[in-house]
Amino acid sequence: MTYFERNRPTPTSYQVNLDIQDEIVSNLVVEAGYMGNVSHHLTANDLSINQAPPQLVGPGNAQLLRPFPQFSNVSIINPPVGNSNYQAAFFKVERRFSRGFAVLAHYTFSKFLDDAASANELGDPGSYMDAYNRKLDKGRSGSDIPHRAVLSMLYAVPSFGNHHHANTLLGGWQIGVLSVLQSGQPFTVYDSVNNTNAFPAGTVRPNLIGDPNAGPHTLSGWFNTAAFQSAPAYTFGDSPRSVLRGPSWKSVDLTLSKSFKIRERWSAELRGEFFNVLNHPNFDLPGHTLGNADFGVISSAEPARTVQVALRLVF
C-alpha cells in the first residue's frame, strides 16, 4: 500500500552568502566568500510507516503489532521529511584570458548535514532506520565533501603574423589542464542481520563499539571492522549515518588541440583528450555491510587513463 499525501508542506530553503572580490592587478581577480543553505520539508525516498513501535517489540508475531496489521508495508511516496544544512567557505583566484593564457583556481571548505538521502548523492549515506526516531538518521550527507580544490589552465599559442610556415607548424595549438583534488565520499555501515523484529523503515545499522577509523586504511582493510557489532535482539543499532569516508579523489585531465586552415572556407580541428592522464588510481567505496565477506575491503576502482582523439571539419 502506497499513497501520496495531499496536504503536504512545500519545501523551504533559507540561503545566505557573502562575497568579496578584488582585481589586485590587471586581469587577476581574487575572491573569497561564504555560503549557507538550510532547508526543510525536502522530498525524500519513500517512507514506510507500518513499523511496529519499538516499545512493543519483542518475541512473537510482530505483524500483529504493526499500525496496519492487515498490510505488509504502508509507504508515503516521496514524503517531505528531509532536512539539510550546508555551510561553506571558498577562495578563488582567476587570471582572465589574456595573451593566450588563463588560470582558474578554486578551493572550498564545507560541511553538509542531512537526515534523508536523495537520488543524486555521491556516497552511500542510506536513509531511514527507525521511523519513530528520525534523529538517528541525521548525519553527513552523501555529498559532504569537506575539501575540494579545482585548478584549470588554458594556453593558446599566439599567431605568428605573416609567417606562414610558423603558423602552420606552431600556430593554432591549445593546451588545457583540469585538475581536481577532493575528500572521499561518506558512507554508512549497514548490518546484514535484522534482529529488530519490527519491520523497520529502512536498512538497519549495527552498534558502534570502537573507533572505526583506527585502521591501516589499506585496500584489504579500509576501516576498523572490529568497531561494529550487531545490535541485540529487538533493538536498533547506534552507529550513525555516514560514519566513514572513502578514499580521496585525485584526477588530472589534459586537452591538446590544433586548428588549421585547409582552404579559404574550410578549416579543421584535431583534438586529443586525456582523462586521468597521470593514471592515478581512484578507488571506490569499500564493502560496508557487516556480515558480508567483503566487509571493509575495496575491490574496485574508477576507470584508468582514457584517451580519445577527434577530428572536426568546419565549412
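Gly126 sits in the loop between E7 and E8, and this residue is a convenient place to enter the structure, which is a predicted model. With a relative accessibility of 13%, Gly126 counts as buried, because the limit for that word is under 20% relative accessible area. Leaving aside neighbours within four places in sequence, Gly126 is in contact with Ala117, Thr188, Tyr190 and Arg241. Ala116, which is 10 residues from Gly126 in sequence, has its C-alpha atom 7.6 Å from that of Gly126.

One of the contacts of Gly126 is Arg241, and this arginine leads on to a charged pair. The side chain of Arg241 meets that of Asp114 in a salt bridge, with 3.1 Å from N to O. Arg241 belongs to the loop between strand E14 (228-229) and strand E15 (244-245), while Asp114 belongs to strand E7 (residues 101-114), so the salt bridge ties together parts that are 127 residues apart in sequence. Both Arg241 and Asp114 are buried.

A second charged pair can be found by turning to Arg205, whose place is in the loop between E12 and E13. Its side chain meets that of Asp137 in a salt bridge, here with 3.6 Å from N to O. This pair, too, links distant parts of the chain, since Asp137 lies in the loop between E7 and strand E8 (139-140), 68 residues away from Arg205. Are these two residues buried or exposed? Arg205 counts as buried at 3% relative accessibility, and Asp137 counts as buried at 0%. The two residues also belong to a network of salt bridges in which Asp115, Arg134, Asp137 and Arg205 are linked.

The surroundings of Arg205 are worth following a little further in the model. Not counting residues up to four places away in sequence, Arg205 touches a list of residues that includes Tyr128, Met129, Leu136, Asp137, Thr188, Gly237 and Arg241. Arg241, which was met above as the partner of Asp114 in a salt bridge, is therefore also a contact of Arg205, with heavy atoms of the two residues within 4.5 Å. Met129 is 76 residues from Arg205 along the chain, and yet the C-alpha atoms of these two residues are separated by 7.5 Å.

Under the rule used here, the count of salt bridges comes to 8. Another of them joins Glu273 and Arg271, whose closest N and O atoms are 3.8 Å apart. In this pair Glu273 is buried, with a relative accessible area of 19%, whereas Arg271 counts as partly exposed at 27% relative accessibility.

From charged residues we can pass to nonpolar ones. The largest nonpolar core has 11 residues, among them Phe187, Val189, Trp222, Phe228, Val243, Leu244, Leu290 and Ile298. Val243 gives a view of how such a residue is surrounded: when residues up to four places away in sequence are not counted, Val243 touches Arg140, Phe187, Val189, Leu208, Pro212 and Phe228. Apart from this core there is a second, separate one of 6 residues, which includes Val57, Ala198, Val204 and Phe236.

Where do nonpolar residues form a patch instead of a core? On the surface, Phe260, Ile262, Trp266, Leu270, Val307, Val309, Leu311, Leu313 and Phe315 form a nonpolar patch, and together they have about 940 Å² of accessible area. Strand E19 (residues 306-314) gives the most to this patch, with 4 residues. Leu311 is found in strand E19, and with a relative accessible area of 56% this leucine is exposed, because that word applies over 50%.

It remains to look at the chain as a whole. The protein chain contains 1 helix and 19 strands, and its C-alpha atoms fill a box of roughly 90 × 45 × 40 Å along the principal axes. A compact globule of 315 residues would have a radius of gyration near 20 Å, but this protein chain has 26 Å. Buried residues make up 34% of the 315 residues. The accessible surface of the chain comes to about 18,000 Å², and 58% of that surface belongs to carbon and sulfur atoms. Finally, among the contacts with a separation of 6 or more, residues 24 or more positions apart account for 70%; the salt bridge between Arg241 and Asp114, with its parts 127 residues apart in sequence, is a pair of residues with such a long separation.

Methods: Residues are numbered from 1 along each chain as its sequence is written. This is a predicted model: local features need pLDDT of at least 70, side-chain atom pairs count only at pLDDT 80 or more; totals for chains, interfaces and linings use all residues. Side-chain values use heavy atoms; hydrogens and water are left out. A salt bridge is a side-chain nitrogen of Lys or Arg within 4 Å of a carboxyl oxygen of Asp or Glu. Helices (H or I, at least four residues) and strands (E, at least two) are DSSP runs, numbered from the N terminus. Buried means under 20% relative accessible area, exposed over 50%, partly exposed in between (1.4 Å probe, protein chains only). A nonpolar core is a set of buried Ala, Val, Leu, Ile, Met, Phe, Trp, Tyr and Cys residues joined through side-chain atoms within 4.5 Å. Patches are made of residues with over 30% relative accessible area and no salt bridge: like charges are joined within 9 Å, nonpolar side chains (Val, Leu, Ile, Met, Phe, Trp, Tyr) within 5 Å. Accessible areas come from the Shrake-Rupley method with a 1.4 Å probe; for residues, only the protein chains shown count as cover. The radius of gyration is taken over C-alpha atoms; the globule rule is 2.2 Å times the number of residues to the power 0.38.
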